[in-house]
Amino acid sequence: GTNGKLKVNDPVFYTIGEDGNKVFVKAGEPIVFENTYKANGEIDIEGIKVMHSKPLAPGDFSFILKDENGKVVETVTHGEAKLNNKKDLEARAAFKFSPLKFTQEDLKSGGGYLPEIRKYYTIEEQISKNSGVTYSNAAYVVEVTIKDNKNGTLTVTKAVAGQKDVKKDETDNGLSDFLKALIGRMSGKKDDIVFDNYYDSV
């Protein structure tokens with residue numbers, strides 16, 4: 001100070017950015033506090049492979065998960081399974097896809113966010129060339145409902161509907177038609193995801 005007078009400069013304000021560095025605010029500019037809302041949720045999809053009259057070796061069969069546009073999300077296989085007993089002559093092995101993960105961005109629509117949305121997926125068996133094996137023509141539609149709880153979490157639930165014989169051509173039109181017929185009509189459906197195959201050594 002000079003002559004007992006104290007000189008006060010304009011105050012300097014700053015915030016800490018996401019990278020940890022200071023972000024300065026010029027004098028006279030409004031101080032703005034911004035918050036980013038994030039919410040997450042996930043769900044598992046799994047099924048059973050049943051082989052009649054023959055044990056299952058790891059990787060004998062593969063299963064394809066596709067989104068509603070027909071894009072492959074993931075292809076998985078099963079583990080080993082022995083025939084459970086001489087009477088049934090049946091081997092059962094589980095398969096499981098990676099968890100489907102969602103964020104609040106999945107609810108984005110236009111300039112805002114919807115409180116709830118539904119996404120659709122299909123599951124089918126991949127046809128290969130195992131000798132003496134009849135492949136399953138079954139297909140399943142999974143309806144995933146994603147709801148924002150407004151507390152940083154999403155509630156993710158599923159409904160499953162299956163059909164044992166879905167005729168598919170090279171462009172998967174049969175599977176697409178099966179999916180279209182079930183969109184919006186899945187309430188309360190809880191079918192087990194099971195693919196049955198038979199082995200004939202003759």
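Let's start with an open sheet: five strands line up in the order E6-E5-E11-E13-E14, and their pairing is antiparallel. Strand E6 (72–77) and E14 sit at the edges, each pairing on one side only. Ignoring direction, neighbouring strands in this sheet are turned against each other by 20 degrees on average. Keep in mind as you look around that this is a predicted model.

Now walk along the sheet from the E6 edge. E5 and E6 run antiparallel and are joined by five bridges. To spot the register, find leucine 65: its bridge partner in E6 is glutamate 74. These two strands make a hairpin with four residues between them, and glycine 70 takes a positive phi there, near 85 degrees.

Further in, E11 and E13 also pair in the antiparallel sense, this time over nine bridges. A handy marker for this pair is tyrosine 121, which stands opposite valine 142 in E13.

Next, the packing. How many residues does the largest nonpolar core have? The count is 34, and the residues with the most contacts inside this core are Phe102, Ile123, Val144 and Ile193. Several strands give two or more residues to it, including strand E5 (62–67), strand E11 (116–126), strand E13 (139–148) and strand E14 (154–163). Strand E4 (46–52), strand E7 (90–96), strand E8 (100–103) and strand E15 (194–199) are on that list too. Which strand gives the most to this core? That would be E13, with four residues.

Valine 144 is a good place to zoom in. Leaving out residues up to four places away in sequence, valine 144 touches Ile43, Leu100, Phe102, Ile117, Arg118, Lys119, Tyr121, Val156, Thr157 and Lys158. Apart from the largest core lies another one, made of 11 residues, among them Val141, Phe178, Leu179 and Met186.

Finally, zoom out to the whole chain. The protein has one helix and 15 strands. Of its 202 residues, 34% are buried, taking buried as under 20% relative accessible area. If you count contacts with a separation of 6 or more, 62% of them link residues 24 or more positions apart. As for the outside, the accessible surface of the protein comes to about 13,400 Å², and carbon and sulfur atoms account for 48% of that.

Definitions and conventions: Residues are numbered from 1 along each chain as its sequence is written. This is a predicted model: local features need pLDDT of at least 70, side-chain atom pairs count only at pLDDT 80 or more; totals for chains, interfaces and linings use all residues. Side-chain values use heavy atoms; hydrogens and water are left out. A nonpolar core is a set of buried Ala, Val, Leu, Ile, Met, Phe, Trp, Tyr and Cys residues joined through side-chain atoms within 4.5 Å. Buried means under 20% relative accessible area, exposed over 50%, partly exposed in between (1.4 Å probe, protein chains only). Contact means heavy atoms within 4.5 Å. Two strands pair if DSSP finds at least two bridges between them. Axes are lines fitted to C-alpha atoms, for helices over the stretch in contact, and angles run from 0 to 180 degrees between N-to-C directions. Accessible areas come from the Shrake-Rupley method with a 1.4 Å probe; for residues, only the protein chains shown count as cover.
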